[in-house]
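Visitor: Could you show me the structure and take me through some of its parts, step by step?

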Amino acid sequence: METTPTPAAPLPFQAIADLMRAHAAARPEQVALRQGERFLRWAELDAAMDRVAATLQRDGIAPRQAIAICGQNSIDYAVLFLGALRAGVTVAPLPTGTTVDQLRGMLADSGARILFADASVPAFACDARRIRMDDPDALRDWLVPAGTQPAPVTVQPEWAFNIIYSSGTTGTPKGIIQPHGMRWLHVARADGYGYGPSSVAMVATSLCSNTTLVCFFPAMAKGGCAVLTEGRFDAAGYLALAERVRATHAMLVPVQYQRLMAHPDFDRYDLKSFHMKFCTSAPFPAALKADVLRRWPGGLVEYYGMTEGGGTCILEAHLYPDKLHTVGKPAEGHDIRLIDEAGHEVPAGEIGEVVGRSGAMMTAYHNQPGKTREAEWYDAAGNRFIRTGDVARFDADGFLTLMDRRKDMIISGGFNVYPSDLEAVLREHPAVADAAVVGVPSAEWGETPVAFVVPRAKAPEAEALRAWVNARVGKIQRLAAVRYLDELPRSDIGKVLKRELRERYGGEG
């Protein structure tokens with residue numbers, strides 16, 4: 001089995017939409033997209049992409065301008081995304097588990113003139129034209145006649161491919177600009193993992209997430225079939241579908257692997273068609289990796305990196321079963337270093353913050369130059385790296401072991417939740433004198449946020465405060481519990497000892 005994660009030499013840039021046109025010409029009758037009983041063959045998908053591109057051009061959406069898409073995964077969502085890319089238009093895929101204020105802020109920040117949304121997205125006032133993408137009549141009324149050809153667009157690698165927004169409850173979440181060149185390198189990196197015309201990739205996470213896109217676009221660029229699951233993730237439904245479609249590839253977050261492996265009938269499903277499975281976006285316990293390797297056919301690859309790009313580590317778990325406690329080695333062509341709090345590289349074997357550099361890096365945070373500068377580190381030669389905020393150590397074999405997350409980010413169900421955002425909301429309550437939020441283990445979500453609060457004289461019941469906060473944040477950010485303390489534990493220099501809070505919560509009961 002070929003396992004090289006990246007090609008031996010850099011390949012010349014190719015636009016993903018152009019590669020897809022070539023696959024449509026070569027295999028017009030092969031299924032390219034499937035969801036439930038609906039599917040599109042490659043020729044049909046190519047024509048649908050042309051129709052979307054031509055309609056955007058009719059509406060005056062020029063290359064490098066943006067549209068936004070918000071809703072549940074669907075074939076129409078995928079077609080709109082792919083058709084926009086053919087027109088050279090940037091896509092801002094907005095998360096659904098956010099508040100109206102967050103959506104309004106992200107939409108305004110992206111500059112999108114059109115918002116494609118489904119019924120899961122509440123109505124709100126905005127400057128963008130809103131089109132119901134789950135309403136066939138609305139889409140038909142918007143689209144130009146079938147068969148209309150768009151004006152050719154020569155996409156450049158530095159153009160923005162998409163803008164992915166980080167989570168946030170205060171202000172505007174950061175928009176991460178990923179260029180076409182970065183997406184192309186993700187496709188090139190996947191060359192050794194068996195994607196091709198016969199591959200069938202399961203898509204069970206949201207198309208608004210970079211986690212999903214690092215698997216979805218290689219499947220499309222290599223001419224395979226992407227199978228979109230329906231509704232909320234269900235272990236039994238996923239396994240049955242994978243067996244039925246003879247799936248070869250999957251990208252899942254750790255909590256999904258956990259639910260699948262715990263299903264009582266897991267071993268009854270025929271999963272021998274799988275060639276490779278991937279995981280990213282959250283800590284992947286070594287014991288869970290070992291269970292997947294033991295019981296699920298095919299290879300297992302863990303990616304460690306950021307949506308912002310920079311350095312990526314890859315653990316080919318099936319090749320290195322003694323390294324399951326690590327996140328692997330730097331990908332070929334990726335430069336990963338460790339620095340101390342002063343920004344100096346640490347000696348070999350010592351712990352430091354992970355910074356990374358590669359060809360796959362974000363351009364910037366959209367409209368936030370200050371935040372962009374905070375995310376960058378430059379070495380003595382002036383080379384630009386992206387800071388991760390994660391603390392780690394390399395072992396003697398060059399494998400990276402994560403020690404802690406300096407930013408204390410919580411990853412719940414594969415999505416990033418920032419404690420500082422929740423802490424800011426808590427402090428808006430008049431009865432809250434101080435607050436700290438930490439992530440604690442969750443059987444359902446992997447991690448979930450819990451708040452520790454120092455109250456003022458008249459504090460509401462903890463459950464009432466939790467409900468007050470949860471009414472003001474997105475679904476993925478909701479607090480699982482609130483605990484009152486007389487004071488927060490702090491270090492000698494005043495830092496809140498969040499590890500102690502996690503241990504205190506874990507010792508309850």
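Guide: We can begin with one residue, L479, which touches L422, L426, V437, P449, V450, A451, R466, V469 and N470, leaving aside residues up to four places away in sequence; contact here means heavy atoms within 4.5 Å. This is a predicted model, in which local features need pLDDT of at least 70 and side-chain atom pairs count only at pLDDT 80 or more, while totals for chains, interfaces and linings use all residues. Residues are numbered from 1 along each chain as its sequence is written, and side-chain values use heavy atoms, with hydrogens and water left out.

Visitor: Is L479 buried or exposed?

Guide: L479 lies in the loop between α13 (462–470) and β25, where helices (H or I, at least four residues) and strands (E, at least two) are DSSP runs numbered from the N terminus. Buried means under 20% relative accessible area, exposed over 50%, and partly exposed in between, with a 1.4 Å probe and protein chains only. L479 has a relative accessible area of 2%, and therefore counts as buried.

Visitor: Which strands stand at the edges of the open sheet?

Guide: The sheet has 3 strands in the order β23-β24-β25, with mixed pairing, and two strands pair if DSSP finds at least two bridges between them. β23 and β24 (residues 446–455), for instance, pair in the antiparallel sense over 10 bridges. Two of the strands have a single partner each, so one side of each is left without a neighbour in the sheet, and these edge strands are β23 (432–442) and β25 (481–484).

Visitor: How is α1 oriented relative to α7?

Guide: Helix α1 (residues 16–26) and helix α7 (residues 210–221) pack at about 40°, with their axes 8 Å apart; axes are lines fitted to C-alpha atoms, for helices over the stretch in contact, and angles run from 0 to 180 degrees between N-to-C directions. Angles under 35 degrees count as roughly parallel, over 145 as roughly antiparallel, 65 to 115 as roughly perpendicular and the rest as oblique. The angle of about 40° therefore makes α1 oblique to α7.

Visitor: Which helix gives the most to the largest nonpolar core?

Guide: A nonpolar core is a set of buried Ala, Val, Leu, Ile, Met, Phe, Trp, Tyr and Cys residues joined through side-chain atoms within 4.5 Å. The largest has 50 residues, of which L45, I67 and F216 touch the most other members. With 9 residues, the helix that gives the most to this core is α3 (residues 75–86).
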